Structures are given as C-alpha cells and as structure tokens.
Amino acid sequence: TGGNTYSVEYTTPAGPCQASSIVVVTVDAPVSAGTNGTHAFCSTDAPADLFNDLGGSPDAGGTWAPGMTSGTGVFDPSADAAGTYTYTLLGSGACPDSSATVDVTIETAPDAGTNGTHDFCSGDAPADLFNDLGGTPDAGGTWSPAMASGTGVFDPSMDIAGTYTYTVTGTACPNATADVIVTVDGPSCGS
C-alpha cells in the first residue's frame, strides 16, 4: 500500500564470488481529488465551501482554480462568478496529480414586487393586477386564486373581491410572493 519503502537484498550463494545488491522499492500513496460535482447558488445565499460539493472521498490540501475572493475554496455568490472550478492535488513520486471540478451556477433571486391594493366599481373594466404590485416585480409569475381570465387580469363582473397572491418561482432560490388586496364596490360607487 502507499507510503511504504522496502529494501530487498539479494546475495549470491556462498563461495569465492559471493556478491549482494540492495534494491529500494518505494510505494507512493495516490492522491484523490474526488469526483466532479455541481452547486446551484441563489444570489442571496451565504458563502459555501466547494470542497463539500466534490463526490467520492477527496483528500484535503488541494488548490482551486480559478481562485475565489476568499483565497480558499469558499465560494461567495455575491463576489465570485459562476463557472467551473477545478480542485487539484499534486501527486508524489510515481503517482499522478488528481483533479475534479465543481460546476457552479448562480440564480438571481426572484422578485414578486411588494404588496398592493386595487379598488374596483362593479361596472369597471377588467384590469391587470400586475400593475398594482409595487417595486419591480419579475414578469411570468402566477396568481392564486385563479381569476376567470386565466391570467392576472381581474374582471369585477366575474371575479370576487379578496387577496390575490402573485408568486415568482425559483429553482435554487426560494419562491417570492406579493399580495394585491382587491375590493369591489356596488354599482352606485361611480355616482
């Protein structure tokens, strides 16, 4: 097994021409960087050590390329770029170097905006509740409960007053939600 040194002595039979030789055999220990891995960060996640994303049983003490702002294997999604990071351990003696990679992706945290309100008269035209959200909500979210339009368009002649929740889903990030509280006044509200 690795890391051992052996001496082997060979001596010719006794006699006038007796001779001996010693051969030193060293068996070096191989190094293992583990196996390739992946890490999907949300842009708001805390820093994490990419060493923990390597598969198998990687040996400690390797180096990462490209370098991260931490100067170690700790990846900070707010400071480091997405990409492929290579972990390398230098072999010794007859054993080769060992490398493995971690593919890092960073998902921008979804933004559903901020809560809003909309007051309708029962005779008002339908309106898109997306426009009632504050902030800068991402498009493409879903509304619940569902409205008659099948979209975010509220029709006071068909939909009921209440709280409608807009959800933008994330993969590596948690979902973001915001509410629009809708009221519908009676037919005389415009007079």
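Strands in this account are DSSP runs of E of at least two residues, numbered from the N terminus, and the model they are read from is a predicted one. With that in hand, Glu 107 can be placed in strand S8, which covers residues 98–107.

Leaving aside residues up to four places away in sequence, Glu 107 touches two stretches of the chain, with Phe 41, Cys 42 and Ser 43 on the one hand and Gly 170, Thr 171, Ala 172 and Cys 173 on the other. One of these neighbours is also met through a polar atom of the glutamate side chain, which lies 2.5 Å from the backbone nitrogen of Ala 172.

Two of the residues that Glu 107 touches, Cys 42 and Cys 173, are themselves joined by a disulfide, with their sulfur atoms 2.0 Å apart. A disulfide is a covalent bond between the sulfur atoms of two cysteines. The pair links distant parts of the chain, 131 residues apart, since Cys 42 belongs to strand S3 (residues 37–42) while Cys 173 sits in the loop between S13 and S14. The link of Cys 42 and Cys 173 is right-handed, with 105 degrees about the S-S bond, and the count of disulfides comes to one. Because buried means under 20% relative accessible area, Cys 42 at 0% is buried, and Cys 173 at 4% is buried as well. Cys 95, with a relative accessibility of 16%, also counts as buried.

From the loop that holds Cys 173, the description can pass to the nonpolar interior. The largest nonpolar core has 15 residues, and those with the most contacts inside it are Leu 129, Trp 143, Phe 154, Tyr 164 and Val 182. Strand S13 (162–168) and strand S14 (176–185) are the elements that give two or more residues to this core, and the largest share, four residues, comes from S14. Leu 129 touches, beyond its neighbours up to four places away in sequence, His 118, Phe 120, Trp 143, Met 147, Gly 152, Phe 154, Tyr 164, Val 180 and Val 182. Apart from this core lies another, of 14 residues, among them Trp 64, Tyr 85, Tyr 87 and Val 102.

Val 180, one of the contacts of Leu 129, lies in strand S14 and counts as buried because its relative accessibility is 0%. Its C-alpha atom is separated by 5.0 Å from that of Thr 117, although the two residues are 63 residues apart along the chain. Besides Thr 117, the residues that Val 180 touches include Gly 116, His 118, Asp 132, Leu 133, Trp 143, Gly 162, Thr 163 and Tyr 164.

Notes
Residues are numbered from 1 along each chain as its sequence is written. This is a predicted model: local features need pLDDT of at least 70, side-chain atom pairs count only at pLDDT 80 or more; totals for chains, interfaces and linings use all residues. Side-chain values use heavy atoms; hydrogens and water are left out. A polar contact is a pair of N or O atoms within 3.5 Å; within protein, one must be able to donate a hydrogen and the other to accept it, and residues adjacent in sequence count only if both atoms are side-chain atoms. Contact means heavy atoms within 4.5 Å. A nonpolar core is a set of buried Ala, Val, Leu, Ile, Met, Phe, Trp, Tyr and Cys residues joined through side-chain atoms within 4.5 Å. Buried means under 20% relative accessible area, exposed over 50%, partly exposed in between (1.4 Å probe, protein chains only). A disulfide is a pair of cysteine sulfur atoms within 2.5 Å.
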